[in-house]
Amino acid sequence: MTRERAGFALLAAGIVALPLVVSTAYALTLLNVIGLYAIVTLGLILLGCSGQVSLGQAAFYGLGAYASALLSRGLGWNPWLTIPIATAAVAVVAYAVGLPALRLAGHFFVLATLGFGIIVNVLMVQLVSVTGGGNGLRDIPALQITGIHPATDRQFYYLIWALALGTLLLARNITSHRTGRALRAILASETAAAALGVEVSRYKMQVFVASAAYAALAGGIYAHYIRFISPSPFALYASLFFLIMAVVGGLTNIWGGLFGAAAVTVLDQVIRAQVPRVFPRVGGEYQTAIYGILLVLIMIFFPRGLVRGAIDLRHALAHPLPATGGPAGAEPPEE
Amino acid sequence: MTGRTAALRVAGLTRRFGGVVAVQGVDADVAPQEIVAVIGPNGAGKTTLFNLITGFLSPTSGDVYYQETRITGWPASRIAALGVIRTFQNLLIFGDATVVENVMAGCHRWTRTGLFQAALALPAARREDRQVYEAAREALAVVGLPDREHDRARDLPFGQQRLLEIARALAARPTVLLLDEPTAGLSAPEARSLVALMRRLRADGVTFVVIEHNMDVVMDGADRVIVLDYGEKIAEGPPQAVQRDPRVIAAYLGDDDVSQGRAGPAAAPTMEPRPR
């Protein structure tokens with residue numbers, strides 16, 4: 001516990017100090033984007049703690065962005081107000097989506113979130129009168145942190161990373177205490193969890209709604225940070241991107257979320273910069289291929305994420321005899 | 001049962017799987033603080049009966065009552081919340097968690113804090129953590145696993161994993177405890193101490209329904225035995241009487257053996273389940 005606290009303090013200190021070292025506009029923007037992605041990823045990992053995977057997080061991210069942009073543009077409300085309203089509204093949407101979707105088991109739930117993500121993205125493109133269609137929404141009101149001027153990159157940095165650390169703490173707490181014990185029971189065996197009185201579907205719904213709220217919060221900030229939104233960053237590709245971040249971090253490892261978001265975002269930048277140099281004539285599809293391969297490799301070799309995977313690997317090298325698997329499965333009881 | 005409300009009662013309980021009738025028209029009740037053994041050959045419908053009582057399966061027809069409440073068709077978690085707690089024949093412990101974490105998960109039923117109290121780590125949530133940890137240690141001591149609380153559950157030997165699952169069930173503070181073959185994998189002394197444990201807990205108010213193949217445990221521990229065969233209740237009564245019941249002997253040894261006069265009371269005590 002104290003080690004965890006020390007780790008958190010170190011992380012917070014590093015985040016506070018980082019802009020003193022790196023101050024180019026590019027680096028700050030990159031860090032801000034990583035922070036926003038980290039919030040989405042943390043939500044996805046929270047969801048992963050109940051044994052669920054979503055391919056619809058980009059839709060929640062986008063809904064948060066569009067809702068806050070439209071409210072602040074259309075009604076002239078302050079973004080400080082519209083971001084939480086948008087977040088709450090998206091949480092309600094997630095609840096409505098979860099009611100039917102959470103009745104589906106495993107892969108079918110993933111497919112439902114995938115379908116939801118596609119529907120939302122199509123609506124963003126097609127509802128031109130509301131969303132501006134493919135042209136998107138311009139002139140989104142700026143977030144003001146001090147005075148009347150739009151917040152600077154650096155101010156956004158501190159806002160975004162304060163929220164990232166805050167959501168990290170919330171997620172960490174949710175996965176501790178009674179709720180965390182219930183989630184771990186569900187993850188290990190839904191049957192055993194139910195036999196102990198854990199309302200499995202209720203807990204799954206709670207983390208699903210929380211994960212959507214995380215994504216929407218990040219989306220709302222994004223809209224008032226970039227001040228222009230269009231459907232493309234909220235397409236299926238982005239959902240896959242978020243999922244890879246969560247998988248790299250470790251699908252049930254809250255602390256891995258920041259690492260996953262940072263590693264995959266930086267990798268993405270490297271790929272974008274380097275691949276055209278090596279293969280000048282390839283199109284944009286190569287990214288999808290690279291991420292697909294990456295996802296498969298990690299799932300096969302590091303199913304617990306790269307951070308825990310590295311720890312496991314070190315442990316395995318130090319203790320060559322692997323622990324034998326117990327009979328603790330998750331099969332339904334049968335005679 | 002005279003005058004007292006049964007802790008658990010099933011009436012005309014039937015479950016079909018396609019053309020197969022797994023449980024057929026079973027009527028039974030269990031008095032408070034009774035220890036009832038459910039025996040029968042493999043495939044007799046014992047675990048299906050447990051699944052029907054605990055809400056993991058819905059009956060095709062018939063009803064389940066907890067005290068005076070009809071709980072037929074309730075979700076498993078809601079039935080467990082009443083205090084009807086079960087263990088599993090094929091062991092469903094949380095292998096990656098530590099021993100004490102496994103048992104702490106069992107305390108869900110009588111604790112109350114939710115997502116928001118957890119998210120903000122409010123004092124109520126942290127106070128509950130301490131209570132739950134103490135309760136879990138206590139349950140581990142009760143089953144005799146006090147010194148392994150920080151070991152990973154899957155690293156325990158099989159017999160201790162059984163005891164761990166029982167400790168987790170006890171941590172739920174059950175009113176009715178349904179144990180599915182609790183002594184499978186236990187040594188003879190371990191099985192005997194489990195019987196002693198059941199008797200102690202019964203004195204504290206727990207009602208037991210136990211699926212059991214070990215006849216020593218049945219004879220020694222059960223107040224009453226219910227015998228299932230092909231999904232039907234074929235006999236019921238005190239262990240000694242059931243053991244001599246020709247229908248029970250026939251069920252275990254096969255009808256042919258009885259008709260050929262090969263089975264007698266002397267053959268009964270082993271009661272090895274016949275293969276099907």
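The paragraphs below lead through a predicted model, beginning with chain A, passing to chain B, and ending with the contact between them.

Chain A is built from helices, its secondary structure coming to 14 helices and 0 strands. For a chain of 335 residues the rule for a compact globule gives a radius of gyration near 20 Å, and the value for chain A, 20 Å, agrees with that expectation. The C-alpha trace of chain A spans about 65 × 45 × 45 Å along its principal axes, and 47% of its 335 residues are buried. Among the contacts of chain A with a separation of 6 or more, 78% are between residues 24 or more positions apart.

Two helices of chain A can be followed in some detail. Helix α2, which covers residues 25–48 of chain A, has 24 residues and reaches 34 Å from its first C-alpha to its last, close to the 34 Å expected at 1.5 Å a residue. Because 17 of the 24 residues of α2(A) are buried, this helix is largely enclosed by the rest of the structure. Helix α4 of chain A, residues 79–101, has 23 residues and reaches 31 Å between its first and last C-alpha atoms, close to an expected 33 Å. The buried residues of α4(A) include A:Pro79, A:Thr82, A:Ile83, A:Ala86, A:Thr87, A:Val90, A:Ala94 and A:Ala101. An α-helix has 3.6 residues a turn, so residues three or four places apart point the same way. The cover over the buried residues of α4(A) includes α3 (57–75), α5 (106–126) and α10 of chain A.

One residue of this helix, A:Val90, deserves a closer look. A:Val90 counts as buried because it has 29 C-beta neighbours inside 10 Å, where 20 or more are required. Leaving aside neighbours within four places in sequence, A:Val90 is in contact with A:Phe60, A:Leu63, A:Gly64, A:Ala67, A:Ala212, A:Ala213 and A:Ala216. The last of these residues, A:Ala216, is 126 residues away from A:Val90 along the chain, yet their C-alpha atoms are separated by 6.4 Å. In the largest nonpolar core, which has 185 residues, A:Val90 and B:Ala167 touch the most other members. Helix α10 of chain A, residues 200–226, gives this core its largest share, 17 residues.

Chain B contains strands, and one open sheet of 4 strands there has the order β2-β1-β4-β5, with antiparallel pairing. Its edge strands are β2 (20–30) and β5 (69–70) of chain B, each of which pairs on one side only. Strand β1 of chain B, residues 8–17, pairs with β2(B) in the antiparallel sense over 7 bridges, and B:Phe17 has B:Val20 in β2(B) as its bridge partner.

Parallel pairing is found around strand β3 of chain B. The strand covers residues 35–39, and 5 of its 5 residues are buried, so β3(B) is largely enclosed by the rest of the structure. B:Ile35, B:Ala37 and B:Ile39 point one way from β3(B), whereas B:Val36 and B:Val38 point the other way, and all are buried. With β8(B), strand β3(B) pairs in the parallel sense over 4 bridges, and the bridge partner of B:Val38 in β8(B) is B:Ile211. A further 4 bridges join β3(B) to the parallel strand β9 of chain B, residues 224–229, where B:Arg224 stands opposite B:Val36.

The approach to β8 offers a contrast to these buried residues. B:Gly205 has its place in the loop between α7 (188–203) and β8 (207–211) of chain B, and it counts as exposed because it has 12 C-beta neighbours inside 10 Å. The C-alpha atoms of B:Gly205 and B:Val176, which are 29 residues apart along the chain, are separated by 8.9 Å.

Finally, the two chains meet in a contact that takes 45 residues from chain B and 32 residues from chain A. On the side of chain B that touches chain A, at least two residues each are supplied by α1 (46–53), α2 (76–82), β6 (84–86), α3 (99–105), α4 (115–119) and α5 (123–143) of chain B. The residues on this side of chain B divide into 21 nonpolar, 16 polar and 8 charged.

Technical notes:
Residues are numbered from 1 along each chain as its sequence is written. Chains are lettered from A and ligands numbered from 1 in the order in which they are written. This is a predicted model: local features need pLDDT of at least 70, side-chain atom pairs count only at pLDDT 80 or more; totals for chains, interfaces and linings use all residues. The expected span of a helix is 1.5 Å times one less than its number of residues. Two residues are in contact if their C-beta atoms, placed from the backbone, lie within 7 Å. Ala, Val, Leu, Ile, Met, Phe, Trp, Tyr, Cys and Pro count as nonpolar, Asp, Glu, Lys and Arg as charged, and the others, Gly among them, as polar. Two strands pair if DSSP finds at least two bridges between them. A nonpolar core is a set of buried Ala, Val, Leu, Ile, Met, Phe, Trp, Tyr and Cys residues joined through C-beta atoms within 7 Å. The radius of gyration is taken over C-alpha atoms; the globule rule is 2.2 Å times the number of residues to the power 0.38.
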